[in-house]
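Open the model in your viewer with the sequence panel beside it. The stops below say what to select and what is there.

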Amino acid sequence: MSRKQGKRSKSLTKQLPAKKTKHDNIKLASCLTDDAWHTKLQTEFSQPYFAEIEQFLAAEYAKGKEIFPPQDQIFNALNLTSFDKVKVVILGQDPYHDNGQAHGLSFSVPRGIKPPPSLKNIYKELEKDINGFVAPDHGCLEKWAQKGVLLLNATLTVEAHKANSHAKIGWQIFTDAIIRIINENCTGIVFILWGNFAQKKGKIIDTTKHKVINTAHPSPLSQTKFFNCKCFSAANDALKTFGKTPVDWKLS
């Protein structure tokens, strides 16, 4: 090889693109497997803000940052509670940010993970409010999701051990759209809004055709105001008024 050819070879090598990782150019829409929700949210997936969410997450993954929940569980709430099955919406703020906790459902943790304090308080209230409810030995609320309870966080991802770290990347535009879609296209939905953050989201909801139940947050910081709120029986009473089957809140 001549000296000239060698220089050209080195030049071409420098121009080769960096090797892609599995998180480059992520397409979050592919993680939403429920057809009804996918159709309803198609417009949102094409918006510039959603592309910015994908770009932000791709960059964070590329830096080696740990993001919760796993990518295939980001839309768990929508995948487990199809659009036409929604009866109750429980709105959370942010995914749990410790190892193994977040799996895409507000206030829920996978089996084998110790229930966090807020969830323990939810169980305590259920034991007082719902006849026959016994607190389970796990914190997994998938049964509720399968029965029509949409367990939606306002922000759908978080950096490990950094609460609210993704609160401003665009997720709340997306989840506000979900609330609006339910509000505009459904009737007789019960929204359970715990704490000031969730209650601000309630301004989107038309209370002439839906029921909104506002209570204190189940966090230990506000538990004295949360206890005896009877929000679960109130939700079932509202569903009966709307001609719908009440939720079986039992988890055991």
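Select strand S5 (residues 190-194) together with S6: the two pair in the parallel sense over five bridges. Strands pair here if DSSP finds at least two bridges between them. Helices (H or I, at least four residues) and strands (E, at least two) are DSSP runs, numbered from the N terminus. This is a predicted model, in which local features need pLDDT of at least 70 and side-chain atom pairs count only at pLDDT 80 or more, while totals for chains, interfaces and linings use all residues. Residues are numbered from 1 along each chain as its sequence is written, and side-chain values use heavy atoms, with hydrogens and water left out.

Within this pair, pick Ile192; its bridge partner in S6 is Ile213.

Now widen the selection to the sheet. It is open and has four strands in the order S3-S2-S5-S6, with parallel pairing. Strand S3 (149-153) and strand S6 (211-215) are the edge strands, each pairing on one side only. From one strand to the next the twist averages 20 degrees.

Add H11, which packs on the sheet and touches strand S2 (88-92), S5 and S6. Contact means heavy atoms within 4.5 Å. The direction of H11 makes about 160 degrees with that of S5. Such angles run from 0 to 180 degrees between N-to-C directions, and axes are lines fitted to C-alpha atoms, for helices over the stretch in contact.

Next, show helix H6 (residues 117-129) with helix H11 (residues 231-241). How do their axes cross? They come within 8 Å and cross at roughly 60 degrees. That makes H6 oblique to H11; angles under 35 degrees count as roughly parallel, over 145 as roughly antiparallel, 65 to 115 as roughly perpendicular and the rest as oblique. On the H6 side, select Ile122, Glu125, Leu126 and Asp129; on the H11 side, Cys231, Phe232 and Ser233. By class, this contact has four nonpolar, one polar and two charged residues. Ala, Val, Leu, Ile, Met, Phe, Trp, Tyr, Cys and Pro count as nonpolar, Asp, Glu, Lys and Arg as charged, and the others, Gly among them, as polar.

Stay on Ser233, in helix H11. A polar atom of its side chain lies 3.2 Å from the backbone oxygen of Lys230. Not counting residues up to four places away in sequence, Ser233 touches Asp129 and Ile130.

Move to Ala29, in the loop between helix H1 (3-15) and helix H2 (35-40). Is Ala29 buried or exposed? At 19% relative accessibility, Ala29 counts as buried; buried means under 20% relative accessible area, exposed over 50%, and partly exposed in between (1.4 Å probe, protein chains only). Beyond its neighbours within four places in sequence, Ala29 is in contact with His38, Phe45 and Glu54. The C-alpha atoms of Ala29 and Glu54 are separated by 9.8 Å, with their positions 25 residues apart along the chain.

Follow that contact to Glu54 in helix H4 (residues 48-62). Glu54 counts as buried at 11% relative accessibility. Outside four places in sequence, Glu54 is in contact with Ile26, Lys27, Leu28 and Ala29. From Glu54 to Ile26 the C-alpha distance is 6.2 Å, and the two are 28 residues apart in sequence.

Finally, zoom out to the chain, with its 11 helices and six strands. The C-alpha trace spans about 85 × 35 × 30 Å along its principal axes. Of its 252 residues, 51% count as buried.

How values were computed:
A polar contact is a pair of N or O atoms within 3.5 Å; within protein, one must be able to donate a hydrogen and the other to accept it, and residues adjacent in sequence count only if both atoms are side-chain atoms.
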